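Me: I would like a close look at a single part of this model. Please keep it brisk, then work outward from there.

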Amino acid sequence: MSGSGPTSASTELYPAIDLLDGACVRLAQGDYTRKTVYSSDPVEVIEQFIEAGAVWVHIVDLNAARGEGPQNRQLISTLTARAHRSSVRVETGGGVRSAADAAALFDAGVARVVVGTAAVRQPQVIDEIAALQAGDVAVGLDAHLSEAGLWQVAVQGWTESTGLSLFDVLARSLDSGASAVIATDISRDGMLTGPAIQLYVDLISFAAQSVLPSVAIIASGGISGPDDVTALAQLGGLAGVIAGRAIYEGLLDVAQGVELCRSGSRAR
């Protein structure tokens with residue numbers, strides 16, 4: 001199969017909702033003991049995102065990611081139903097370990113499922129989910145720089161380094177049917193320290209040179225305000241920018257972020 005490189009479509013802002021025990025929270029570097037609760041009403045939050053012009057919303061089920069089952073599934077269904085009424089799409093990750101998990105999320109109205117640890121530990125899961133709903137599978141890869149300066153993948157809530165190359169895992173996932181990658185530098189997520197620009201430059205270069213199918217690259221982690229959004233949008237080749245804590249702490253207005261993503265990608 002021959003790839004077409006990164007997409008030329010405009011970059012979109014993906015405001016994030018991380019669900020834990022039914023509330024909107026953010027974790028610092030994925031640590032459940034370092035959580036901040038921002039809202040007890042996720043429906044109100046997604047309505048604000050929709051009204052601000054977002055066309056995608058990124059949802060993570062932190063309970064499911066921690067192995068506590070689909071206790072947020074009905075809430076996710078409610079959130080996606082609200083999004084659909086405004087033609088907004090929802091992607092959801094956290095605890096997707098099988099085709100059955102993905103099927104339940106698709107049935108709940110989710111447009112794209114995100115597979116994390118299972119994409120590394122059980123790569124056949126990508127094939128199985130892609131067979132259910134082709135084109136609607138993303139791989140969520142949490143990365144860190146090794147001592148040798150190479151991007152490697154971490155799993156299990158970032159607690160375990162696999163020693164595997166980010167690009168090798170991504171290539172395998174794309175060959176299995178993934179159509180998007182959400183890449184996060186684990187040292188930056190939830191820290192407001194700015195995004196890992198070099199990570200996305202490297203991913204865009206990889207996508208441009210790959211003989212595999214094209215991939216939607218979505219940046220995640222570290223967004224601290226409008227300048228970070230603009231910098232990412234102007235890279236070229238990014239399909240989306242996920243922002244969470246910066247929005248909840250008033251450092252980034254969603255409507256502003258939506259426009260900065262689009263104008264930045266048009267200006268490149």
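Is glutamate 47 buried, partly exposed or exposed, and what relative accessibility does glutamate 47 have? Please follow its surroundings too.

Reply: This is a predicted model. Glutamate 47 counts as partly exposed, because its relative accessibility is 27%, and buried means under 20%.

Start with the partner. Glutamate 47 meets arginine 82 in a salt bridge, at 3.5 Å from N to O. Glutamate 47 sits in helix 1 (residues 42-51) and arginine 82 in helix 3 (residues 73-84), so the bridge ties together parts 35 residues apart in sequence. Arginine 82 itself counts as buried, at 14% relative accessibility. The pair therefore joins a buried arginine 82 to a partly exposed glutamate 47.

Side chains of opposite charge can pair when their charged atoms come close. The whole structure holds 7 salt bridges. Two others help to place this one. Arginine 26 pairs with aspartate 18, with the closest N and O atoms 2.6 Å apart. Arginine 26 is buried at 11% relative accessible area. Aspartate 18 is buried too, at 8%. Glutamate 68 bridges to arginine 66 at 2.7 Å between the closest N and O atoms. Here glutamate 68 is partly exposed at 34%, and arginine 66 is partly exposed at 40%.

Now the nonpolar side. Isoleucine 17 is in contact with Pro42, Val45, Ile46 and Phe49, among others. Helix 1 spans residues 42-51. Other contacts of isoleucine 17 include Val57, Ile59, Val60 and Tyr248. The largest nonpolar core has 70 residues, and Ile17 is among the members that touch the most others, along with Val115, Ile129, Leu166 and Leu203. A second, separate core of 12 residues includes Trp56, Ala138, Ala216 and Ile242.

Aromatic side chains come next. Phe49 joins Tyr38 and Tyr248 in one aromatic cluster. The structure holds 4 aromatic pairs. One of them is phenylalanine 167 with phenylalanine 206, tilted at 40 degrees between the planes and 5.4 Å centre to centre. That pair links helix 7 (residues 166-176) with helix 8 (residues 197-209), its two members lying 39 residues apart. Trp56 has a charge over its face: arginine 112 lies there, 4.4 Å from the ring centre.

Arginine 112 leads to the strands. Strand 6 (residues 112-115) runs parallel to strand 7, joined by 3 bridges. Valine 115 stands opposite valine 139 in strand 7. Strand 7 (residues 137-145) is mostly covered, with 8 of its 9 residues buried. Strand 7 also runs parallel to strand 10 over 6 bridges, where aspartate 142 has threonine 184 as its bridge partner. Strand 8 (residues 151-155) runs antiparallel to strand 7, with 4 bridges. Histidine 144 has glutamine 152 as its bridge partner in strand 8. The hairpin of strands 7 and 8 has 5 residues between the strands, and glycine 149 there takes a positive phi near 80 degrees.

From strand 10 (residues 180-185), 5 parallel bridges lead to strand 11. Valine 181 has isoleucine 217 as its bridge partner. In strand 11 (residues 216-220), 5 of the 5 residues are buried, so the strand is largely enclosed by the rest of the structure. In a regular strand the side chains alternate between the two faces of the sheet. Ala216, Ile218 and Ser220 point one way from strand 11, Ile217 and Ala219 the other, and all are buried.

Definitions and conventions:
Residues numbered from 1 in each chain as written. Heavy atoms only, no water. Core = buried A, V, L, I, M, F, W, Y, C linked by side-chain atoms within 4.5 Å. Buried < 20%, exposed > 50% of the residue type's maximum accessible area, 1.4 Å probe, protein only. Contact = heavy atoms within 4.5 Å. Phe/Tyr/Trp six-rings, centres within 6.5 Å; stacked < 30°, edge-to-face > 60°. Lys NZ or Arg CZ within 6 Å of the ring centre and 35° of its normal. Salt bridge = Lys/Arg side-chain N within 4 Å of Asp/Glu carboxyl O. Pairing = 2+ DSSP bridges. Lists of a residue's contacts leave out its neighbours within four places in sequence.
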